[in-house]
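The exercises below ask for a close reading of a set of chains, each with a solution worked out step by step. Please look through the sequence and the structure before turning to the solutions.

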Amino acid sequence: MSALLTKVFGDLRRRRLQGVVIAFVILLASGTTTLGLTLLQTSSDPWDRAFEVQKGAHLQVYFDRHKVAPEQLATTPGLLAASAAAGPWPAAGVGYELGTHKYRLLTVGRNSPQAGVEVLRLASGRWVQRAGEVVIARSFADFNHVRLGDRFTSLGTLDKPSLVVVGEAVDIDEGAAELSTQFAWVTESQMPLLVPDWGYKMAYRFTRAPNDSELRDKVARLEAALPPGAVQFSLNYLLLKRVFNITNQIVLTFLLAFGVFALLACAATVANLVIGIVIASYREIGILKAIGFTPLQVVGTLVGQMLLPTLAGCILGIPAGIALSIPLVDRAAASLGLPSEPPFAPAMAGLTLLIVTAVVLVAAVVPGFRAGRLTAVGAISLGSAPTSSRRTPAAGWLRRLPLPRPLALGAGDAFARPLRAALTAVAVLVGVATLVFATGLHSSMQHFVDATFGSRTSDVSVQRANAYPDRKVMATLESQPETALIVAAAGGAMTIPSVADPVNVVAYRGDSARLGVPVIRGRWFSGQGEVVAPRATLEEAHLQVGDHFQGLIGGQPIQLRVVGEIFAVNNLGHEVDMDLSTLAQAAPDSVPTYYFVRLKPGSDADAYARRVLATEPDFLDASASQPPSISAIGVLNSVMLVLAAVLALIAVAGVFNTLLLNTRERARDTAVLKALGMTPAQVLAMVATSAVVLGTAGGLLGLPVGVAIHRALMQALASIAGNNMPEGALRVFNAPGLALLALAGVAVALLGALLPARWAARTRVAEVLHSE
Amino acid sequence: MSLKYGILGLLTERPLHGYEVKIRFESLLGGSWEVNIGQVYTTLQRLERDGLIEADGERGDRGKLAYRLTQTGRRALQDWLSRPESEPQQLREEIYVKLLLSTRLADGSLDQLLAAQRRVYLQRLKDLSELEVRARRDGRDDLVLLFKGAILHTEADLKWTDACAEEIRNSNQKGKEAS
Amino acid sequence: MTRLVEMTEVRKVYDGGAEHPALNGVALGIDRGEFVAVMGPSGSGKSTLLNLIAGLDRPTSGRVVVDGRDLGRAGEAELARYRRDRVGFVFQFFNLLGSLTVLENVMVPAQLAGRSRAAARGRAQELLQKLGIADQAHRYPARLSGGQQQRAAIARALVNQPLLLLADEPTGALDTRSGEQVMDLLVDLNRGGQTVLLVTHDAKLATRYARRVVSLIDGRVADDVVLQPSAAQPADVVRIRVEEAAG
């Protein structure tokens, strides 16, 4: 054993450079894998834990108080066989103004943060005790920079009562501030003072966490037991959990994909190196065998040379991966109101070590085995034989290309050892595929975000508080000279057969088709009775484009026909869009509260918005649309950038390693060429050409792989969000862009070639020539 | 080279008289090596006295007497042919004597002498190579071997002059270092 | 008329070998059309001398001037071009590129000089013809005999019409027969006007084929002699002493 170790250490000392390359590559790969695995472990766990701690509600239902009395509501827990219940609490959406900003918050009247269900944890301050106080959600406070002591002006009633922020609470239902409706809490008695009308909210918990269909049943039971229209809408915990998890799921999927890629590239590099070492040491292997090393020990020396740098790489890489995961885990924990624990996951670190070691082991043992099986004599003779191995058909063909001699020789060299070339191309392929799918992802995410938040694209959006009449808003807007298009939207809720929760309705007045909501199938509605909806809704309702169905709005039945499938991520795709005239059939009192305004080209959106706001500062909110920025996307972008860089580096290392092997093996021929008069520049060109050939091969192959992965991931993303991906987000690649990315493969290869080329150009000619 | 065994060897084919022996001997050596006829007759008489050869017939015309091998002679010849040479190395060149003498002379002309000697060896190598080529062309494989031998000797001599020169240089060096 | 090669006071010291310079004050001149052999044992500096004349290395001090060009002052690229255009190499172990055919091997220096593939091919074929191995043109070096490989190497050395043909132990890896053929070839080329510099440790080889023999010992020129063409008779060269048998 000690002989083995002595040999291994001796070899490593000799092959320092290659040891460093392996350690570096493993560092990157193990870091990536650790990051992925750590996040995997920490993502779903805390949510469940937080849910239990909070005694989260499996089901929340909002009732119309005119149709059902609190006493009736008190019987509902028994009806549903709930193990615990809380409420009824008064609840309503209320508009507030803070400084210059307006917000709409779902306000709930609760006298205590404690309850049988849905316990709220105070992050700071205290609970409301009297009128004039409000507690807001912590994420809302963070996102909008609201502090304790700030004063909100409620816009729900004409006297506009003022509320002071006395506390911030953490509610796992809150989701990310920029994505979903936020909550606020006041005393129960405060409610009537804030809004003319409100509903009741009940929260239920069950002994056994119910699944989707069971929850649907429970809501159905409620609807059956209570007068029609009593149940306004419901939220179940699964939906919320999924929303919460989306970000993490997305990041996770990418990380794991990257991790797999990185390991693949590493395996290729390690295998290449081992093969190269074997080829260079045939003679030595023969000697080892002659002095008594068993085949297993010979394989052991090769594997040992790979494992030691691997361990070194892991020792640095795994902690780095854990360190990188901290900010991501923190974010997740923060949104759950949990203290941020550093992700101490020795199991995950151990798993990464295991996986990486296994990969390296396999990559080293397979080629090493051949070396082990050689007889002593066989090995020595292989070592002394003149290398006629460089005459593979591919190499020969490349060598005869009508290029200047040095370039042609370099091209042939790239494929002189086909297996080595293939493994190197794999490393480059992985790097390029990653670059392709990262850039594609970036563009798609942009598209995605635009599609979700930006379209319904308008230059200015105006929101109206209930107190201010619609016609006044329209008058104001129409009177502005820059106005090019106004589309107004009203909200509602509709029950569709076989869909558990009531679905959001968005009803447009005006030429809504020009809003540019992405239509995936069919067309936008053009008349009364026509609707469009995202995939999630259609699937749940078992509807196809072209089907007729009957919906219930405010208890009124209404005949509708699906004419198109759209892309809308709000409410995870639980939405139906129609014209206001259609909604009016069932709810004639519906009036739009939201206005999308398009301006003539060259108009100043900010000035316009300020002008509109000035007509009624209290009850209107007008702002120029900004390109939405979602923090989750921001995180994703930076993560992707880092990971793409990681894989590019691994590819560079792979090429570097190969060229090092190649130039060393070719040292003699290169010396001859230099003696014959090849200038240093020509030698550089020769080595560079080798790199270019490998880079091109890897690049060209990486393109389709990257595009395919991009497509697959985008589809997965979209279905998480309850939609099919709009074509625009998929078709983010164009020919020039792809060509550029393929060139990236070449660039990566050239980077890897820099040092080996210089070394080849500088080797001393004299001794090599006079010896055999 | 021993005349005695040379003559015995020549007589294996057929009896010869003295003059024929001389002629054949010279032709055996392949050109312009002369052999003293007197030495030939003297050796023939010795051989006859020792019983290795005997007269073959009567004195013929002009008094020439031919000789032939006896059994003893034949045996003696066989023995000699099969015996390797074990005489001490003959160093006949004058250079060896000059070497021994010049170390007693302190005027340092030994290296010049060796340099001149070296040139002689070089030219000799050239000449011998040419002779070898000619011998091969003429089909005289035996002479080829002879010349090869001479060449190797000369190469050895050349190496030796180089070795001497090195020795001298080294001792000069030591002398310099000592002083 | 300046000499083709002029070396003056050339010293070459390798790193860490200051006490034992590889070349220690060498002065040597070679004229056009000469056939010079540089002879010496291993360690004599003959390989270093060859490297300096070939432009594979630069002297530590002194000047190496070939065809008016001071090699010590030239940059790497310039030396490479010099090697390509002015010098032809023949090595002991042939040093043909195993992955190219014989013809392609011979074409390499011409192609490095930028000549078109067709022109290079033409010239190469002409040389292979002249050297008697035209039928081996499309085979790979490993398939050829030693003598054939060396002839291919000579063809390669001649392809750019070098001023100087440098042969480093050209027969070292060959059997006697092939060795003689190769040397005869070099003599022929020399008769046609090619300047040849032969480097060898074999005195026999040097004296047989070269007109002028330069002996290197310990980094210095120990001797520089022009040998007479041999017209000797055996008796002038070898004496076979015939003596009486003692008893």
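The exercises that follow deal with interfaces, strand pairing and the layout of one chain, and they concern a predicted model.

**Exercise 1. Describe the interface of chain A and chain C, from its extent to its elements.**

Step 1. Begin with the residues in contact: chain A contributes 29 residues, which meet 30 residues of chain C.

Step 2. Turn to the area, since the size of an interface is often given as the accessible area lost when the parts come together. Between chain A and chain C about 2700 Å² is buried, and carbon and sulfur atoms give 58% of this area.

Step 3. Look for charged pairs, for which a side-chain nitrogen of Lys or Arg must lie within 4 Å of a carboxyl oxygen of Asp or Glu. The rule finds 1 salt bridge across the interface of chain A and chain C. The side chains of R400(A) and E104(C) meet in a salt bridge with an N to O distance of 2.9 Å.

Step 4. Add the polar contacts, of which the interface of chain A and chain C holds 7 residue pairs, both residues being at pLDDT 80 or more.

Step 5. Assign the side of chain A that touches chain C to its elements: α13 (405–414), α20 (667–676), α21 (680–720) and α24 (766–770) of chain A each give two or more residues to it. The largest share of that side, 7 residues, is supplied by α20(A).

Step 6. Sort that side of chain A by class, which yields 14 nonpolar, 5 polar and 10 charged residues.

**Exercise 2. Carry out the corresponding analysis for chain C and chain B, taking the side of chain C for the elements.**

Step 1. The contact involves 33 residues of chain C and 34 residues of chain B, and the two chains bury about 3200 Å² between them, with 58% of it on carbon and sulfur atoms.

Step 2. Across the interface of chain C and chain B the rule again yields 1 salt bridge. A salt bridge is formed by the side chains of R119(B) and D223(C), at 2.7 Å from N to O. In polar contact between chain C and chain B are 6 residue pairs, both residues at pLDDT 80 or more.

Step 3. On the side of chain C that touches chain B, at least two residues each come from α7 (203–209), β9 (212–217), β10 (220–226) and α8 (234–237) of chain C. Of these elements, α7(C) gives the most, with 4 residues.

Step 4. By class, this side of chain C comprises 17 nonpolar, 6 polar and 10 charged residues.

Step 5. Two of the elements can be followed further, for β9(C) and β10(C) pair in the antiparallel sense over 6 bridges. L216(C) has V221(C) in β10(C) as its bridge partner. The two strands form a hairpin with 2 residues between them, and D218(C) in the turn has a positive phi of about 55°.

**Exercise 3. Which strands of chain A pair with β17(A), and in which sense?**

Step 1. Recall that strands of a sheet pair through backbone hydrogen bonds, either parallel or antiparallel.

Step 2. Strand β14 (residues 519–522) of chain A pairs with β17 (residues 556–566) of chain A in the antiparallel sense over 3 bridges, and R521(A) has E565(A) as its bridge partner.

Step 3. Strand β15 (residues 530–533) of chain A runs parallel to β17(A), to which 4 bridges join it; here V531(A) is the bridge partner of V562(A).

Step 4. Strand β16 (residues 548–553) of chain A is antiparallel to β17(A), with 6 bridges, including the one between G551(A) and I558(A). In the hairpin of β16(A) and β17(A), which has 2 residues between the strands, G554(A) takes a positive phi near 55°.

**Exercise 4. Set out the elements of chain B and the order of the strands in its open sheet.**

Step 1. Chain B has 7 helices and 3 strands, which run from the N terminus as α-β-α-α-β-β-α-α-α-α.

Step 2. In the open sheet, 3 strands lie in the order β1-β3-β2 (chain B) with antiparallel pairing. The edge strands, each pairing on one side only, are β1 (16–17) and β2 (53–55) of chain B.

Step 3. Between β1(B) and strand β3 (residues 66–69) of chain B there are 2 bridges in the antiparallel sense, and L16(B) has Y67(B) as its bridge partner in β3(B).

Step 4. For the chain as a whole, 35% of the 179 residues in chain B are buried. Among contacts in chain B between residues at least 6 apart in sequence, 50% join residues at least 24 apart.

Methods: Residues numbered from 1 in each chain as written. Chains lettered and ligands numbered in written order. Predicted model: local features only at pLDDT ≥ 70, side-chain atom pairs only at ≥ 80, totals over all residues. Heavy atoms only, no water. Contact = heavy atoms within 4.5 Å. Buried area = accessible area lost by both parts, 1.4 Å probe. Polar contact = N/O pair within 3.5 Å; in protein donor to acceptor, adjacent residues only side chain to side chain. Nonpolar A, V, L, I, M, F, W, Y, C, P; charged D, E, K, R; others polar. Pairing = 2+ DSSP bridges. Buried < 20%, exposed > 50% of the residue type's maximum accessible area, 1.4 Å probe, protein only.
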